[in-house]
Amino acid sequence: MQIQTFSIVVGTKACNARCPFCVSSMTGFGELPKRGAIELVHFAKACQLARLAGTTTVLMTGKGEPTLYPEEISEYLRLLVRSQFPFIELQTNALDIGWLARDGRAKHAKSLERHTLAGWRQSGLNTVAISVVGIDPELNRPVYHDDYPDLATTIKFLHEIGFTVRLCVMMQQGSVDTPEALQRVIDFCRINLVEQLTVRPIRKPDHSEDRDVSTYVVERGITHDQELVIRTWVERQGRRLLSLMHGAIVYDVGGQNVCLSDCLTNDSSNGDIRTLIFYSDGRLTYDWQYEGAVLLGGVPMALREADRRNREEI
Ligand code: SF4
């Protein structure tokens, strides 16, 4: 069994954006665990399993926006040092990072400062993956926030701190839905030295928990034909570099790294796992959609707090 990515769910469902296609709101199993001490015993087991299954990448992500919880990110980075995963990445809408870059302070994540980000890099975080629907503020503003910070400035700020930047473009009608639109994104990435570009269509899971969001995705998602046209164009323009698990393919398109991916595919036929998912209460699963994909259950808060006190006393 191989596990491609070890995902850590940071924070709560709180988010400073309002994406109408939010995959998190369609794939929840009720409430997230209450914030409190991270379940350290299960976390150590999750790291051990990921290492044994050949995982090279840890992704700090969320059911909301992880940068709203800087202290939690710092704590996970401290805990991850021992396991020595080569790559540690953060998935974010980068709104607060962008405001920090522009205004010198974040709006919502009050304790997020430049030195916080620099400290994360020192602790092993190497890549910041920014979710967008396109490169134009007119496209990102209505989806993420009325005060959408300039994307190029955000990218430059992250580069100056030493991060690799990945732009993750959620393809939908009217934004990136043709080869021409994708070419513009590639040109932007080349100009702004964005190391990695991932494009994926917005998707509805098999079982959606939010009817409004799934209706939006059905109405605004790109069609199968549009997807095929884009795939064919990338195949013609680019050179295949790497096939990742679950169908994602990485290309070089005119010198730009481009990954064609999908946010929800989970081919269970070969026993490999696309992503191991750790929640702070110790719940360990391997699918965002299906509650049955559980490896370890959560541990009550009182026990976690007691474990932590015991460790501190030792
Ligand atoms: S940034 Fe992510 S969590 Fe927040 S609303 Fe958008 S898709 Fe959902």
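Here are three short exercises on this predicted model, each with a worked solution.

Before you start, note that residues are numbered from 1 along each chain as its sequence is written. In this predicted model, local features need pLDDT of at least 70 and side-chain atom pairs count only at pLDDT 80 or more, while totals for chains, interfaces and linings use all residues; side-chain values use heavy atoms, leaving out hydrogens and water.

**Exercise 1.** Find out why the radius of gyration of the protein chain agrees with that of a compact globule.

*Solution.* Start with the rule: 2.2 Å times the number of residues to the power 0.38, with the radius taken over C-alpha atoms. For 314 residues, this gives a value near 20 Å, and the protein chain has 19 Å, which agrees. Next, picture the box filled by the C-alpha atoms: roughly 60 × 50 × 35 Å along the principal axes.

**Exercise 2.** Work out what share of the residues is buried, and what share of the contacts joins residues at least 24 apart.

*Solution.* Buried means under 20% relative accessible area (1.4 Å probe, protein chains only). By that cut-off, 54% of the 314 residues are buried. Now take contacts (heavy atoms within 4.5 Å). Among those between residues at least 6 apart in sequence, 74% join residues at least 24 apart.

**Exercise 3.** Describe the surroundings of strand β3.

*Solution.* Strands are DSSP runs (E, at least two residues), numbered from the N terminus. Strand β3 covers residues 87-92; five of its six residues are buried, so the rest of the structure largely encloses it. Then look at its partner: strand β2 (residues 57-61) pairs with β3 in the parallel sense over four bridges, where pairing needs at least two DSSP bridges. Finally, find Thr57, which stands opposite Phe87 in β3.

Technical notes: Buried means under 20% relative accessible area, exposed over 50%, partly exposed in between (1.4 Å probe, protein chains only).
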